[in-house]
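Please open the structure in a viewer and keep the selection tool at hand. The tour begins with the whole chain and then proceeds to individual sites.

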Amino acid sequence: MDKLQMRKAILDQIERPVIPALERSVLEFGAAPGSGEIQTEALQRAIDTVSREGGGRVVIPAGRYRTGGLHLKSGVELCLESEDTVLAFVNEAPELHYPVVFGHWEATPCYNFSALVYACDAHDIAVTGKGILDGGADSEHWWNWHHQVENAWSSDKTDLQLADRKALRQMNIDGVPLERRVFGPGHYLRPNFVQFIRCSRVLLEGITLKNSPMWQLNPVMCRSVTIDGLTLSSHGANNDGCDPESCRGVHILNCRFDTGDDCISLKSGRDRDGRQANVPCEYVLIENNDFADGHGGVALGSEMSGGILRVLAWNNRFASPNLTYALRMKTNARRGGRVEDIIMADSVMDHIHGAAIHGTMLYEDGRNGSDLPVFKNITIENIRARGGDYGIFLEAFEEVPIEGLILRNIVIDGADRDIWGMNWSCPVVENVVINGRRFPRPGKVRILGVPAEHGRISASAEFCGGHGQCGFAWEISEDGKTWGEAGEGRDFAVPENCRFVRVTAFDGSGNREQSRRYVVLSREEQGHEADWERQRLICREIMDSRDRTEDQELITREKLAQMLMPFVCGGTDRGEDRGEKGGECLQIAVSQGFLAEGSGASHMPQGHITRQEMATVAMQACGVNYRNASSTMPVCSDVDKVGNNYGTNVARALYFGFMDMGEDECFYPEQLVTMGETVKILNRIGDFAGI
């Protein structure tokens, strides 16, 4: 199905609400704008009366109306008549203004505080006009219930919401009956702003939403949803813009998103509940929208256990340096679900912070689960983008590679790295140019073994952005500056009297990719076979051959910073001088996010590194940057000792094999890292990153 066919198929699923001609003003029901009094009763009476009379438009004239939660009813259009119409939702005493109702919280059914605007089992409903819905959330109300772990070195602050979030997730996994999933007063699950559940023919048009407690728009299991011309501006934690969940037939157009989390995020239930309900989010059309700040522009997941199918996102504009990912897919082995038949096309991304195109199965729980997700039949074409940590970042589990992937007519400039691709199955890559380099091409070119005089080594490369065959050409040098040809082939015999060696991979299309240089060890420097790990780091210029630190000695921040410099420099050669003094290296490593800032003895140059800190160092150094880190915890016997701000990086460092658990399945997060362990970890990261 091409783009035009898919667009028609989606629009065929959508009907706008039928609203009778009756029109009543809320002033008729006693509403008093600007009075400072809470108007919930008058506003709700107007909605209930008009619905009871067969439906019609409830008009809210200019003015500021303080209100609690409003429940929309069938046949009612709530019209904010003027640009000066403001519904200001009360942000104090939630138990008085937001009664406990059935809802979904992060795609899990439960009873919780009512959404600020709520509907359940209604039909033909709308919220329209020129006015503003102000959710009243700020640093002292709603948003202070949750501390979001935003980056690698986020502090481990109190998170009031965390215990309830974990409890609800466990209820989901254990299949606890709905009637026992009761939150609300005494708990800290923030309500969504607008949540419509099991409704049909829904319209939101023209209005502005700001200061949302949680997700802004969350239609759940609805049919025929149109979201047209909205401005969504809210920067609290988890302030997604629009999250259609298990809906069929959704049209999102002409909106402006400026959010504290994903702008649009399609969802379909979470974990056991989502798989059991098995209701996909499908037939979704996203077009002519503007995306400013947010984690993801158009995101699929992460709560997608019921699947996300038949989505067309095209002719959208992404124009903020603070937007992390323009096009994003995210799931894990606990969510499962499938992302299938997706087209993302014909869009311009002026400024990107993380990646223009991003997809991962390692979000949150990662591989810690048995319900493997699927990415299938995904077409991304006609994209122009600038900036980002990566041009394209798409990874899947080895057991379930990405199938049916088409990348076509994509030009990305100014990205720090070209492509991170893991487990793509027979992709189609046509006219993809990143930083002026055409893909597919050889990548991650490195030398295997320890280069030593009269020794044998071999070359390794991966085909970045697709599949192909490549050859290898070797060069040697005495000073690291002047290089001479030394032969071709995958294997190489190291001659005498050379100090450096490197290899270039080339393909049949004229693409060439060069490894970094490797130091050749003399006979005297080769040492014992037991020193192989250290020798490997010396060859990579990660470790100085004169370093006599014993394996059992604790690694200091200053020494670790010196060893991290090749990773900080992206694997490029650093010249004869192995680098700056220890203090300068530490300053660079901190400024680049490889080590934490801070005060106190543990952050001084001679301070030491805990294993959970080392996990974050490893994930920063491996060249696979995961922004917006969450507080997911690893599977280990001593998980209670792992800090929430380190949990996700510990889980990923274990998955990628950078670090190990003990035989007792404990991670020992607070144990200090030795030189011997550091050597092993950095070698593994070097192999992974192609250094």
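The stops below move from overall dimensions to selected loops.

**The whole protein**

Begin with every residue displayed; the model is predicted. In cartoon representation, the protein presents 12 helices and 43 strands. Aligned along the principal axes, its C-alpha atoms fill a box of roughly 95 × 55 × 40 Å. The radius of gyration is 28 Å, which agrees with the value near 26 Å that a compact globule of 691 residues would have.

**Contacts, burial and surface**

Next, colour the residues by relative accessible area. Of the 691 residues, 60% count as buried. Among contacts in the protein with a separation of 6 or more, 73% are accounted for by residues 24 or more positions apart. Switching to a surface representation shows what remains accessible: the protein exposes about 26,200 Å², and carbon and sulfur atoms supply 45% of that area.

Then select the charged side chains. There are 72 positive and 98 negative ones. How far apart do the centres of the two sets lie? The separation is 2 Å.

**Two cis peptide bonds**

Select Gly301 and Ser302 and display the backbone atoms. The peptide bond joining these two residues is cis, with omega about 5°. Ser302 belongs to the loop between β23 (294-301) and β24 (308-314).

Move on to Phe439 and Pro440. A cis peptide bond joins this pair, with omega about 5°. Pro440 is placed in the loop that separates β35 (437-439) from β36 (441-448).

**Two positive phi angles**

Select Asp121, in the loop between β9 (117-120) and β10 (123-129). Although Asp121 is not a glycine, its phi is positive, at about 55°. Is this residue buried, partly exposed or exposed? Asp121 counts as partly exposed because its relative accessible area of 47% falls between the limits of 20% and 50%.

The last selection is Arg198, which sits in the loop between β12 (194-197) and β13 (200-205). Its phi is near 55°, again a positive value in a residue other than glycine. Arg198 has 37% relative accessibility, so it too counts as partly exposed.

**Returning to the full view**

Restore the complete cartoon and mark the four loops visited. They hold Ser302, Pro440, Asp121 and Arg198. The cis bonds involve Ser302 and Pro440, whereas the positive phi values belong to Asp121 and Arg198.

Terms used. Residues numbered from 1 in each chain as written. Predicted model: local features only at pLDDT ≥ 70, side-chain atom pairs only at ≥ 80, totals over all residues. Heavy atoms only, no water. Helix = DSSP H or I, 4+ residues; strand = E, 2+ residues; numbered from the N terminus. Rg over C-alpha atoms; globule rule 2.2 N^0.38 Å. Buried < 20%, exposed > 50% of the residue type's maximum accessible area, 1.4 Å probe, protein only. Contact = heavy atoms within 4.5 Å. Areas by Shrake-Rupley, 256 points an atom, 1.4 Å probe, with all protein chains shown as cover. Lys, Arg positive; Asp, Glu negative; His and termini not counted. Charge placed at Lys NZ, Arg CZ, Asp CG, Glu CD.
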